[in-house]
Structures are given as C-alpha cells and as structure tokens.
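Got your viewer open? Load the model below, and we'll walk through it one selection at a time.

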Amino acid sequence: MIPTVNPLRLSVWLTTVPVVLLSAMSGASGQGATRLPADGRVLAETQRAVVEQGVRRVTEQLFARLCPGRCELVEATVTMKEPQPVAGSMPGFESITGGSYEVEPKVVNLTILLDAKLPGNFRTNIPRMLQYRLRELAPVVDVRPEMLNFPEPQLQPMPPQLPEARGPRSWPQPSARPNTESTPQPENLANAEAQELEASNAEKMAEKGLPRTIIEALAPWLGPIILAVLILALLFPLLRRLRESDANDDLITKGPARVDEVRPDANLDIDALRAELLASRAIRNRMLRRWLDEDAESVASLVRLLGPEILVDLKNDVSLSTKLETISEMVAQQTEPLSENERKHLLHRAQARLAAARIVHREQGLAMDWEFLEGLDAGTLTRILAGCTTAESLHVLDQLPPTLRASYLQALDTEQRRELMLASDAAALGKHDAMALATRLRKAADEVAHMARESSGQVTLIVDMLRALPLDDQEDMLRDLLDTRREVARGVLEQVCLETAVPEVPREFVADALHRTPIETLVAFLRGTRDEVRDQILHITPLSKRSALTAELSLDVPVGKDEFLQARQAFTSTLRDIVRRDGHDIADANTRVLSGGEKTTRAPRQAS
C-alpha cells in the first residue's frame with residue numbers, strides 16, 4: 001500500500017530546506033573570510049593609537065609655535081593596513097600555531113580649524129607643513145582645513161552687586177537625628193563578625209604558641225642584630241686607620257726602598273721610557289704618528305701613564321687635530337686605573353715601537369740642532385723662512401719631517417715652488433753655515449711663539465666681540481686687523497666663519513653642516529642673513545630640505561636679534577668644525593671674502 005503525501009506540506013518542505021542550507025554556507029564562508037586573529041586586531045589598535053598620539057603631538061607643537069590660539073586640531077584619524085603575518089603560521093591555522101603580524105599605517109586624516117583673519121599664504125602653507133612633518137608616520141597624509149572667524153578675546157562681564165539684606169539672619173534648624181542604636185546595620189554586623197573571627201584565630205595561635213606577625217617572630221633578635229651592626233660600623237674605620245698608620249710608619253722608617261719593594265720594576269720602567277721618549281723628538285713623533293693610525297686607544301692609555309707632554313709636538317699638526325680630540329675623549333672615559341699586567345704590556349709595546357722607529361730613523365737627516373722644527377706648524381715655518389735664501393730654504397726643507405714639509409710646500413704659491421725646484425741642484429751649505437742658520441731660526445721661532453702666546457688672549461676677546469656684531473661690522477673690523485695686526489687677524493680668522501664665507505666652502509661640507517643643524521635654527525639664520533647669502537645657501541641645500549626651508553621662509557614671521565645671533569653661531573661653528581676635521585682651514589675662505597677677489601670653486605676634499 002502506497003502512503004499518501006500532502007502536496008501542500010511537501011511544497012513547503014522543498015522550498016525551506018535549500019534556503020536554510022544556502023544561508024548556512026554563506027555565513028560560514030563569510031566568517032572564514034572576515035575572521036581576523038585576536039593578536040592582529042590588538043596589534044592594529046595599539047599601533048593606531050600610537051600613530052594617532054604622534055600625529056596630535058606634532059600638530060599641536062607646530063600650532064603652538066606658529067599660531068597659538070588661532071589654529072586648532074579638530075579631528076585626527078588613522079587608518080591602518082590589514083595585519084600581515086610575518087612568518088611561522090599557515091593561513092587558517094593562526095589560532096593553533098600563533099604568529100607575528102606586521103601592521104603599518106595607511107592614511108592619516110586631519111581636520112584643522114584656522115582663523116580666517118590669518119594671512120592667505122600662511123593658511124595655504126599650513127597643510128603643506130603638516131604633510132611634510134607627518135610623512136614619516138604614514139605614506140598618505142590628508143589635511144582638510146576649515147576657516148572660521150575667531151572672536152577677539154574679551155574680559156568676562158562683572159556680575160551686578162546685590163544689596164545686602166538687613167535684619168536678623170535665619171539659620172536653618174538641624175533635623176532630628178534618627179535613632180540607629182536599636183536597629184543594627186548590615187555593615188556593623190559584618191565588622192562585628194570579622195572582629196570575632198580575628199579574635200578566635202588569635203586565641204588559637206596563642207594556644208599553639210605561634211607568633212602572629214614577622215616582627216613578633218624577630219622581636220627577641222632585634223636587639224642583638226642592631227648591636228652587631230653598630231659594632232661593625234665602628235670597627236671598619238678603626239681597622240682602616242690602623243692600616244694607614246702602619247703604612248706611614250714603614251715609609252718613615254725604611255724610606256723609599258719599601259715603596260719600591262711593592263712594585264720593583266714598574267716605576268723604573270716608566271721613568272726610563274719617559275726619558276727615552278723625551279730624548280729624541282723626531283723618533284718620538286714618528287712612533288706616535290704611526291701608533292695613532294693603528295691603535296688610538298693604546299695611545300690614550302700611554303698618555304695616562306706618561307702624561308700629555310709626549311703629544312706636545314703633534315698638537316701643531318692640523319691633520320692630527322681630529323685624532324687628538326679622539327684621544328682626549330678616550331682619556332676622559334678611562335676612569336678605571338690600569339692593572340699591573342696592563343701597565344707592563346703597554347710598556348713593552350711602547351718600547352718595541354720605539355725601537356722600530358729608531359731603526360728606520362735617518363740620523364743624518366735631522367741633527368740635534370734642528371729638533372726645534374718638530375714643534376712648529378706650517379704658518380710659523382713660513383714666517384721664519386721669509387728672510388732666508390733659496391739655498392737655506394732647501395737645507396731647512398731637507399731637515400723637516402715629511403708631514404710638516406708637505407704642509408709648507410702646499411702653502412707656497414706656484415712661483416715659489418718652481419723657484420725651489422729649479423734651485424735643487426745648488427751647492428749645499430757647509431757645516432758652520434748650517435749651524436749658524438739653525439741658531440738663527442731657533443731664535444726666530446722662539447720670538448714667533450712668544451708673540452703667539454701674547455696674542456692668544458687678544459684673539460679670544462676679539463672672537464667674543466665679533467659674535468655679537470652684524471656682518472658689515474664684522475667685515476670692517478677684520479679688514480682693519482688684516483692691515484694693522486696680521487698675526488692677530490690670522491688667529492681670529494681661524495676661529496670664526498663669516499656668513500659670506502659659506503659659499504666659499506666646498507659644497508659637501510656645507511651639506512653636512514645643513515644636515516647636522518636643526519631646521520628651526522636654519523630658518524632663524526636664513527631669515528636674518530643677507531638675501532644673496534640666503535639664495536646661495538638654498539641653492540646648495542639638498543632638494544628634500546630645501547622645500548621645507550622655502551615653506552618656512554615664505555611665512556612672514558619676524559626673527560629677533562638674539563635668536564638670529566644664536567642661530568648664526570650654531571650653524572657657522574658646526575661648519576667650521578667640519579672643515580677643520582677634514583684637514584682644511586676656514587681662514588682661507590674668510591680671507592678670500594675679505595680681500596674682495598674672485599670666488600673660486602675649491603676642489604673636493606683631499607686626504608691630509
């Protein structure tokens with residue numbers, strides 16, 4: 001028998017089941033497509049909050065500096081990219097295996113409110129400055145400015161004075177206090193139960209003989225512990241004093257021999273090495289120059305051991321100024337004393353290097369009469385050789401160390417170098433003539449050194465005065481010095497860098513100084529300097545920084561005298577240090593500007 005089926009029920013069933021299956025499948029696929037691991041969501045939210053905080057901080061700092069009270073941040077939103085797994089998990093298995101995610105900001109949207117009474121170029125450049133400062137936080141920065149007429153600040157109106165009411169004052173009557181003693185409150189019941197429980201626990205611990213707190217447990221021992229600490233505090237100073245008195249008694253009774261017994265060879269080796277180094281300046285300088293190139297830290301330790309006087313001749317070499325500054329920093333950082341093994345090892349290395357320098361040293365090239373040349377620089381050598389003949393100059397050049405000879409020849413002009421080259425075949429000086437020349441040049445060098453010491457204090461005073469003067473007064477004062485006191489003027493030109501001398505410096509040095517100077521300092525300096533100097537510096541500036549400087553300079557913001565002088569000092573000092581570190585002299589650029597000659601483009605930096 002075939003069962004009968006209701007047609008209406010069958011049609012409803014056939015219509016409902018496919019719809020339910022399709023909705024279940026679409027829901028499952030949607031969950032799988034939009035599901036994001038919890039770690040990725042947390043990381044995205046955390047990174048978004050950090051970026052948004054940075055955006056707000058940069059924007060508020062810019063508004064506080066340029067337009068306080070007239071520019072406001074309305075809204076700042078950050079859109080993050082989808083978290084991307086770095087490595088370590090297969091797609092779909094992040095909840096099982098875990099993994100790391102990388103989240104980056106996508107877009108920063110800013111809504112700012114500007115006073116409509118601000119200048120038009122200011123309102124136009126504010127979004128550009130924000131985009132330039134926020135480009136490190138997100139690749140896309142969208143700034144939407146809105147204009148509004150801000151009201152002028154006004155004082156709050158004074159409230160009208162009300163007349164005082166005369167007559168007796170009516171004080172409010174206190175309300176009757178409800179009687180709560182008869183009905184216990186729930187809090188009182190809880191406190192009472194807690195006190196009863198604590199009392200019962202205390203009684204149980206007292207019956208068992210256990211202390212209730214740590215202080216009660218240590219109470220019997222507190223007295224002996226305090227007494228022992230006091231006794232030790234009194235004993236240590238007494239023992240130290242007794243040890244010092246015993247050492248002093250041994251030194252008085254036995255003399256210096258007792259000190260030598262502690263370190264029998266250390267002091268003798270140090271004194272012998274110091275005497276050997278100071279005996280020959282040429283050998284010492286040769287050894288120290290090579291050791292500075294190979295191991296500056298060991299030279300710093302040697303200076304701590306023997307004293308800074310071993311470097312006195314190297315201070316006049318401009319090419320070693322950077323290395324000597326490094327040695328000074330290393331000596332300041334070495335606060336711990338050298339151990340006995342380190343001291344012995346350093347002494348052995350110094351003796352070995354000294355012996356190696358003595359092997360290659362040419363004794364007949366630099367006699368004892370000519371050792372004073374080791375402490376001269378190129379400028380002093382040029383001055384003392386000004387009155388010498390060509391034969392005498394050639395003889396002195398043969399006695400010079402290689403570095404000083406190269407510096408002196410580099411300072412000569414083409415005609416002087418040609419004259420020396422053509423006279424190289426001239427007859428050599430005799431022994432008596434050479435000794436007389438050495439005596440005469442030593443006296444001239446001492447006189448120049450004395451004049452340099454006298455003028456050093458004047459140079460410092462003049463440099464301090466120049467830093468507070470405008471550019472025109474600086475140039476006039478330096479031209480007068482060049483005409484009247486050339487030695488002092490040379491020392492001043494080595495310490496300062498004129499604004500107009502910046503284009504005379506190689507472009508790579510100027511670019512390095514621009515990179516090291518903050519943009520606020522550069523803007524203050526460029527606003528106060530001459531127009532031609534500003535244009536030349538902007539022409540040298542890299543394109544990425546030039547756009548930011550141009551945007552800042554387009555704003556009509558005045559700069560004070562003190563702010564400009566501080567900015568000029570910061571930038572020119574940085575440029576002077578960079579030029580000096582590379583072995584060049586800033587005085588050459590200053591002299592070319594003051595002489596009014598043609599500006600020449602110097603070659604790229606050369607190895608000193």
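Start by selecting Ala76 and Leu110: Leu110, in β4, is the bridge partner of Ala76. Before going further, a word on what you're looking at. This is a predicted model, so to speak of local features we ask for a pLDDT of at least 70, and side-chain atom pairs count only at pLDDT 80 or more, while totals for chains, interfaces and linings use all residues. Residues are numbered from 1 along each chain as its sequence is written, and side-chain values use heavy atoms, with hydrogens and water left out.

**The sheet around β4**

Now widen the selection to residues 105-115, which is strand β4. Helices (H or I, at least four residues) and strands (E, at least two) are DSSP runs, numbered from the N terminus. Is β4 buried or exposed? Nine of its 11 residues are buried, so the rest of the structure largely encloses the strand. Buried here means under 20% relative accessible area, with exposed over 50% and partly exposed in between (1.4 Å probe, protein chains only).

Add residues 71-80 and you have β1, which runs antiparallel to β4 and is joined to it by nine bridges. Two strands count as paired if DSSP finds at least two bridges between them. Then add residues 140-148 for β5: nine bridges join this strand to β4 too, and here the two run parallel. Click Leu110 again, and look across to Val143, its bridge partner in β5. Asp115 stands opposite Leu148 in β5. To see how the chain gets from β4 to β5, show residues 120-134: the path goes through helix α4, and this β-α-β crossover is right-handed. That means that, with the strands pointing away from the viewer, the path from the first strand over the helix to the second runs clockwise.

**The disulfide**

Next, select Cys67 and Cys71, which are joined by a disulfide (S to S 2.1 Å). The cut-off for calling a disulfide is a pair of cysteine sulfur atoms within 2.5 Å, and the structure holds one. Check the torsion: -125 degrees about the S-S bond, a left-handed link. Both Cys67 and Cys71 are buried.

**Leu481 in α18**

Jump to residues 471-484, helix α18, and pick out Leu481. With 11% relative accessibility, Leu481 counts as buried. What does Leu481 touch? Leaving aside residues up to four places away in sequence, its contacts are Ile462, Arg486 and Ala489, where contact means heavy atoms within 4.5 Å. A distance to try: Leu481 to Val492, C-alpha to C-alpha, is 9.3 Å, across 11 residues in sequence.

**Helix α22**

Move on to residues 531-540, helix α22, and colour its buried residues: Val533, Arg534, Ile537, Leu538 and Ile540. Look down the axis of α22: these residues fall within an arc of 160 degrees, so they line one face of the helix. The arc is taken from the directions from the helix axis to the C-beta atoms. Among what covers them are α20 (507-516), α21 (519-528) and α23 (543-553).

**Where to be careful**

Last, colour by pLDDT, the predictor's confidence in each residue, from 0 to 100. The chain averages 75, and 70% of the residues score at least 70. Over residues 180-187 the pLDDT is below 50, and this stretch has two contacts in the model beyond near neighbours in sequence. Residues 251-266 also stay under 50, with nine contacts beyond four places in sequence. Where pLDDT is low, the predicted coordinates should not be read in detail.
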